[in-house]
Amino acid sequence: MSGLLKRLEVKRKHSSEDDPTAWNNRDIVPLPPSRRTWGSWSFVGFWLLTGFNISGWTTASSLLGIGLNVWQAMVSVIVGQIVVGVAVVGNGFVGAEWHVGFPVYNRFVWGMYGSFFPLLMRILLSIVWYGVQLVFGGMSTKVVIGAIWPSFYTLKNTLPESAGIETNDLIGIIIFAALSVPLILVPPENLRKPFLVGSIIITIATTAIFIWAVAKEGGGGPLLSRPSTFVGVTAPNSSAKLGWAMAYGISSTIGSTSAGILNQSDYTRFATCPRAQILSQLIVVPVSTIIVALYGVIVTSCAADFYPEEGLLWAPYDLLQAIQTHGGPGARAACFFAGCAFVLSQFGINIPGNALSGGIDIAGLLPKYIDIRRGAYITAAIGIAICPWKLLTGTSVFLTVLSSFSVFIGPLTGTMVSDYLLVRRKKLRLTHLYMPSASSIYYFTYGVNIRAVISWACGVWTLMPGFISSVSPTPLGVSEGWSHLYDLAWPLGFCISAFVHAVLSWAFPPVGLGEVDETDVFGTFTEAARSDVDSESTKEIIHVQTLLL
């Protein structure tokens, strides 16, 4: 058994690297300058791919299912995305300034052992979202195949109804999943050019669809004036109900991006300099999603007039299929290229945003045996095994899933941001983040920071009654007030936990506040110094980790 475990250990890629341990490998260590390759335009490309995709396209359209009209839905999206932009930058400072990812970030927030709790939560999100985006990619692949062989759309279904999916859809998902496998091999630091190329292609494709729809309709379509006629949902009949419906829309908009906000340091650690992530993300994050959400809802509205017998075509892959069905040979070619663009965009969001992100986080659990690549393949395998298409059976179900994540992720993000910006004032001692012993200032109480536990629990507790009522198949008699708190899931949970954590840390200050390393032990800021350093901190890290092997 020991021989097998030895063979499974992560191997060093360069002689200058230390051997992997139970707490560290080359993907967990603070990144040296040579691996930090993301400039401002890299973040622009990444977020354009993240915004201009199927999830972003359906953001505003899905909100019509809770009774909002188009403009109310867009206001909800705008407010939600402005919050997302600020939160992304705020939670990205750790990665941009200290070049550590989410697994290490939480060691100084939750403690050396307590950090496993948020890490497991984020891994779960990576797996779920990988699966969801895999479905969207598979549906887009189906459009591409159907444009070449139209009979693929009418392929006989051989799966039982309980499967929750038809044969041609499953084939598209499997093909997309198979094509994703080699892309996982690309290291995150080499994704700059693919981001930019992919973002340009999908931006052109979605804009072309939008212009075509508006030009053909001669306007924005019937959903702009009479949405309830098509959606079949009664609009809120009072200003109070409308306000809470929009609050829920804002929260669900944030919830759809909450996983990316949470582990933002996994991306910003690749920044060439701390400021590279600030202005680019602050502008592009909200603007890209707002634009594509507007595209989506207007095109859906126009399509309701073009193809009334098809129902509301929320998703672009359904729209493209309808265009091909009702169009001529030219429509097939257009659908093929548009389908390819959406396939490319799904690769762009799913590989770095979910597979590689999950890989980094799983590597944080077992760095001696798992690196980014192995973790990414584990994420991908489990992501398809959970049958993610069953999460997407309807608009209300999808929104419930998104908001339910906010219940746990908002308080967690609030605790993290509060700890770094308010409690520690951006000062960290990197060497102590890799010392799993009482000699580390981040060990706290038996490896757990009780302040973070209490802070997170306070944020979650406030939202739990409404959350349980929302996901329960039968009425539970929860008061309207608790339900309204749940409508504010992410922002309310964030603020409560951030405030409680700051107060607890002020009342009971953790040890080592303001401490930083005297030397650049890891070569994080001066890579050449890595081979010259022989500090007591380095010796202590090696000694402590050796005891745990």
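Where does Gln72 sit? In this predicted model, the place of Gln72 is in helix H5, which covers residues 70-98. With a relative accessibility of 19%, Gln72 falls under the 20% limit and so counts as buried. Its C-alpha atom is 9.7 Å from that of Gly243, although the two residues are 171 apart along the chain.

Helix H5 itself is a good place to start looking around. It has 29 residues, and from its first C-alpha to its last it reaches 42 Å, close to the 42 Å expected at 1.5 Å a residue. Even so, H5 has a kink of about 40°, centred on Gly92. Of its 29 residues, 22 are buried, so the helix is largely enclosed by the rest of the structure. Gly80 also belongs to H5, and at a relative accessible area of 0% it is buried. Here sequence and space can be set side by side: Gly80 and Thr37 are 43 residues apart along the chain, and their C-alpha atoms are separated by 30 Å.

Following the chain out of H5 leads to His99, found in the loop between H5 and helix H6 (102-110). The backbone does something worth a look here, as His99 has a positive phi of about 65° although it is not a glycine. His99 counts as buried because its relative accessibility is 4%. Another residue with a positive phi is Tyr446, which is not a glycine either and has a value near 55°. Tyr446 lies in the loop between helix H18 (395-423) and helix H19. Is Tyr446 buried or exposed? Its relative accessible area is 70%, over the 50% limit, so Tyr446 is exposed.

After that loop comes H19, a helix of 22 residues, 450-471. At 1.5 Å a residue H19 should span 32 Å, and the 29 Å between its end C-alpha atoms agrees with that. H19 is also bent: a kink of about 45° lies at Met464, shortly before the proline Pro465. Buried residues of H19 include Arg451, Ala452, Ser455, Trp456, Gly459 and Val460. Thr462, Leu463, Gly466 and Phe467 are buried as well. Some of this pattern can be read against helix geometry in general. An α-helix has 3.6 residues a turn, so residues three or four places apart point the same way.

One of those buried residues in H19, Ala452, also gives a link to another helix. Ser497, in helix H21 (residues 489-507), is 45 residues from Ala452 in sequence, yet 8.5 Å from it in space, C-alpha to C-alpha. Ser497 has 0% relative accessibility and therefore counts as buried.

Next come the empty spaces inside. How many cavities of 30 Å³ or more does the structure hold? There are 4 of them, and the largest contains about 430 Å³ of space. The lining of this largest cavity is made by 32 residues, with Thr50, Gln133, Ser256, Thr257 and Ile349 lying nearest its centre. Helix H2 (residues 40-51) gives the largest share of that lining, 4 residues. By type, the lining of the largest cavity divides into 19 polar, 12 nonpolar and 1 charged.

The second largest cavity has a volume of about 60 Å³. Its lining is made up of Trp38, Pro188, Leu191, Asp266, Tyr267, Phe270, Pro352, Leu356, Ser357 and Ile360. Two or more of these residues come from each of helix H13 (265-268) and helix H16 (329-365). H16 provides the largest share, 4 residues. In the lining of this second largest cavity, 8 residues are nonpolar, 1 is polar and 1 is charged.

What about the cysteines? A search of the whole structure turns up 0 disulfides. Cys302 is a case in point, since its nearest cysteine sulfur, that of Cys335, is 16 Å away, while a disulfide needs the two sulfur atoms within 2.5 Å. Cys302 counts as buried because its relative accessibility is 0%.

Technical notes:
Residues numbered from 1 in each chain as written. Predicted model: local features only at pLDDT ≥ 70, side-chain atom pairs only at ≥ 80, totals over all residues. Heavy atoms only, no water. Expected span 1.5 Å × (residues − 1). Bend = angle between axes of the 7 residues up to and from the residue. Buried < 20%, exposed > 50% of the residue type's maximum accessible area, 1.4 Å probe, protein only. 1 Å grid on protein atoms, 1.4 Å probe; cavity = no way out; pocket = protein on both sides within 12 Å on 5 of 7 lines; lining within 4 Å. Points joined across faces, edges and corners; volume = space filled by probe spheres on them. Nonpolar A, V, L, I, M, F, W, Y, C, P; charged D, E, K, R; others polar.
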